[in-house]
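Okay everyone, have the sequence and the model open on your screens. I'll walk you through a few spots, and you can follow along.

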Amino acid sequence: MNSKKLTIFLFVAIANMLLLTNGYAQVSHLSCEHLNQPLGIDNPDPRLSWVLEDSSRGALQTAYQLIIGTDSAAVAAGKGDSWTTQKVMSAASLVTYNGKALQPFTKYYWRVQLWGQGGKKISPSAISSFETGMMDVRSWQGAWISDNKGIAEKPAPYFRHTFTVKKQIRSARVYIAAAGLYELYINGSKTGNHRLDPMYTRFDRRTLYVTYDVTAQLQNGNNAIGVLLGNGWYNHQSTAVWYFHLAPWRARPAFCLDLKITYADGTTETITSGKQWKTALSPVIFNSIYTAEHYDARLEQPGWNTVNFDDKKWEEVTLRSAPSKNIVAQSMQPIRNVETIPAKSMNKLSDTVYVFDLGRNIAGVSQLRVKGESGTVIRLKHAEKLNKAGRADQSNIDIHYRPTDDKDPYQTDIFILKGEGEETFMPRFNYKGFQYVEVTASKPVTLSKENLTGYFMHSDVAPVGHISSSSNTINKIWEATNVSYLSNLFGYPTDCPQREKNGWTGDAHIASETGLYNFDGITIYEKWMGDHRDEQQPNGVLPSIIPTGGWGYEWGNGPDWTSTVAIIPWNLYIFYNDSKALKDNYESIKRYVDHINELYPTGLTTWGLGDWVPVKSKSPVEFTSTAYYYADVNILAKAAALFHNKTDEATYTALALKIKNAFNAKYLNTATGMYDKGYQTELSVPLYWDLAPTELKGKIAANLAERVKQDNYHLDAGILGAKAILGALSDNGFADVAYRIASQETYPSWGWWIVNGATSLYENWDIEAKSDLSLNHIMFGEIGAWLYKGIGGIKADPLQPGFKNVILEPHFVPGLDHFEASHYGPFGNIVSSWKKEGGNIVYNVTVPANSTATVRLTGKVYLDGKLVPATYKIASGSYRFEIK
């Protein structure tokens, strides 16, 4: 940015800040389907949302008007030919489209006019837009094509086609669906910056397509389209314990493409995939989403995706049937190379062996620049740790791989040099979990640490939360939690980015609040809920990993894991005040709950894995699974009430009570307030999931605090106990005990990992464990959400979800001098910040416009110098409390 642009930028930024500080109101963050100006949506009734920005106290939206149409000038003038509402007296900022039927392949412009307090008109928003896609599978014109190879063929196929543009182009869009993965090129240039498109689904039940604006890539005259196909999860050639190589959908990758051109004269033309295309094998001689990618640069065909390339030796394509009948838009944040990470150090072991250290654990890929003789074989072995000799050590992550030969080394890219100057390699159809890259060469090469770069890949969800405190350990735990969360977000939530890459349901629901406090992930979860519906058996049973090729219906899929079907839609509703996922999954939750009720009519269920990877004490599976069964039924009853289904509300409220009573009758000693053997998990889970009788919660929480004291304020729980224990304590009067657990730096604790060099969360409390020791797991990630809830005190009010009313209930725990949490919710930025000053506490809060907050404090509370009640309702704005 040059100095003139920088000056203008700073002037505008300062002006905007001053306007907002002085109560100037404006409308921002216009979204459609929770995306910014999306292309190619299929929802005929898309959701539209916005944020009112106004820092003045009490700022409130009293009415809105939506203007939507196909003519941007008309919309700017306040007239929309698709939907123009009346002035709606409402504070709603999430509205479902209810105008004329949307047409496919159409760009719609929209803006919103708001009114504030006293009916004062607020400046209208800027104009935003969204664009529809196919909207119906019958809109496709192209054919599904592949080459004539089988599933055992290792090289990835190229495809190309040329066409002529004879008129001036107004706009051009590519719609491409694929079974497998693809990269799309037009006139030699890659289209877009997405990675690993399309996202993984149950391919024979739902196939995703992606839309690109390619107007700028086309040219008058001759043009060329190129497509490179990868296997992904569709043609899984690697063999491991989950049997993806036996998936029922497995076939050679294929794709379907429509390039729709709109000319300046209003006419249209569609270039399609079909028999006119040609195909050849590429230099990508092997690719596996699970293991790695092999590339032989000697096989490159320069210009293969350009107009003047000679493709006479290329073969005809083969027509294929569509992988599924359900081809729908990929309406979600894509995977990208989000962060570039230069190598922190390099250790040269010999002229042919170099070990690079990124300095932190990530999910993603490495890129190598290297010079060498033609035919030199470079191997890039990715690992999370080193052995005593300083070599890459994969012993903690390769335990489930079952190779049939030595041709597919685990997490090891192979690059064969062409021998023409400096060459660059980065895999296209793979990602890995790693911190170290061991580069070995078949002939001597010269490398420096600048020759290798890491790229942190994940679904590119926007950050919406931040934590900072006076504890360096807590800050690092929060950062490590976010690294593990993002490392396990690739169009669906996974357990680890190296050993499995599977959508383990238990890991996902445990970490869902952590994810939602920190990142705008609703589109990823909504897509994954669609995967749930695709995978659910008619009787309601779900597999433990989603998507799956068939594995997981008989192991690991009890309610303690597959409660994702209810918990995640409910969390989306609470965080966004958006009930779509809950509504879409409602019947799935019913079938799932009804099936458990049929199998376990007593209300107690033994179906599940239990408190996975405990420290030492293992609670009964029946205990934890029944608790999650209760949580699911409770959510279903609340959803029934939300959707005004009185019959279901009564049925499942009664079932929830039956489960609760059976659970407490078997496990609770009402005289002592002790559950079962009194382990940490057994005392925290009933408190967290509201199974404990109200009148006994204090006694149970005190027993839990005493148990933690007996355990020297350390954890003694697996993943289900670790999910519950911090909140169970802080919500019931023992936040100080919860913080002592959270801030520990000795075994077993999150801090123990940190002081031993962790930059991500581990799979096992014991860092010397012989098994279950991935160094990048999210299943112990609840602590990330608890920092917002239990210390910052930012909670959504279930009676006014989406942070319409914010619960602010901070805990000023011993051991911290200051703490700040912020979360950008549907109404704007919420800040909860406290600092100890002498014997007093200064508590600063910000409540965004169009929302309110209930502040719950203890002690003598002063606001603006005046004594106020400890529980105090405030309107939007910024406030400074003093607690004496």
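Gln411 counts as buried, because its relative accessibility is 0% and the cut-off for buried is under 20%. Before I go further, keep in mind that this is a predicted model. So where does Gln411 lie along the chain? You'll find Gln411 in the loop between strand S28 (392-393) and strand S29 (412-416). Its backbone is worth a look too: phi is positive, about 50 degrees, although Gln411 is not a glycine.

Glu33 gives us another positive phi in a residue other than glycine, with a value near 55 degrees. Glu33 belongs to the loop between strand S1 (26-32) and strand S2 (47-53). Is Glu33 buried or exposed? Glu33 is buried, since its relative accessible area is 8% and buried means under 20%.

While we're on the backbone, let's talk about cis peptide bonds. One of them runs from Asp197 to Pro198, with omega near -10 degrees. Pro198 sits in the loop between strand S12 (189-190) and strand S13 (207-213). Another cis bond goes from Ile546 to Pro547, and there omega is near -5 degrees. For Pro547, look in the loop between helix H5 (522-535) and helix H6 (559-562).

Hang on to Asp197, though, as it comes back when we get to the holes inside the protein. How many cavities of 30 Å³ or more does the structure hold? There are 3. The largest has a volume of about 120 Å³. It is lined by 14 residues, and the closest to its centre are Leu181, Leu196, Tyr200, Trp233 and Ile289. What is that lining made of, in terms of nonpolar, polar and charged residues? It divides into 12 nonpolar, 2 polar and no charged.

The second largest cavity holds about 90 Å³ of space. Here's Asp197 again: it is part of this lining, along with residues including Glu183, Lys190, Arg195 and Arg428. Strand S11 (residues 181-186) gives the largest share of the lining, 3 residues. By type, this lining has 5 nonpolar, 2 polar and 5 charged residues. Leu196 is on the list here as well, and you just heard Leu196 named for the largest cavity.

Now for the rings. How many aromatic pairs turn up in the whole structure? The search finds 54. Take Phe663 and Tyr675: their ring centres are 5.7 Å apart and their planes meet at 40 degrees, so we call this pair tilted. The pair links distant parts of the chain, 12 residues apart, with Phe663 in helix H11 (residues 646-667) and Tyr675 in strand S35 (residues 674-675). Phe663 is buried, at 0% relative accessible area, and Tyr675 is buried at 0% too.

Ring pairs can also join up into a group. Tyr200, Phe203, Trp233, Tyr234, Phe244, Trp249 and Tyr492 are linked that way into a cluster. Tyr200 and Trp233 should sound familiar from the largest cavity.

Some rings have a charge over them. The charged end of Arg740 sits over the ring of Tyr713, 3.6 Å from its centre. Lys501 lies over the face of Tyr431, at 4.9 Å from the ring centre.

Last stop, the domain record. UniProt, in an unreviewed entry, places "Alpha-L-rhamnosidase C-terminal" at residues 793-860. Over that stretch the chain is 0% helix and 56% strand, with the end C-alpha atoms 18 Å apart.

Key:
Residues numbered from 1 in each chain as written. Predicted model: local features only at pLDDT ≥ 70, side-chain atom pairs only at ≥ 80, totals over all residues. Heavy atoms only, no water. 1 Å grid on protein atoms, 1.4 Å probe; cavity = no way out; pocket = protein on both sides within 12 Å on 5 of 7 lines; lining within 4 Å. Points joined across faces, edges and corners; volume = space filled by probe spheres on them. Nonpolar A, V, L, I, M, F, W, Y, C, P; charged D, E, K, R; others polar. Helix = DSSP H or I, 4+ residues; strand = E, 2+ residues; numbered from the N terminus. Phe/Tyr/Trp six-rings, centres within 6.5 Å; stacked < 30°, edge-to-face > 60°. Buried < 20%, exposed > 50% of the residue type's maximum accessible area, 1.4 Å probe, protein only. Lys NZ or Arg CZ within 6 Å of the ring centre and 35° of its normal. UniProt positions renumbered as here; feature names shortened; annotations may be inferred.
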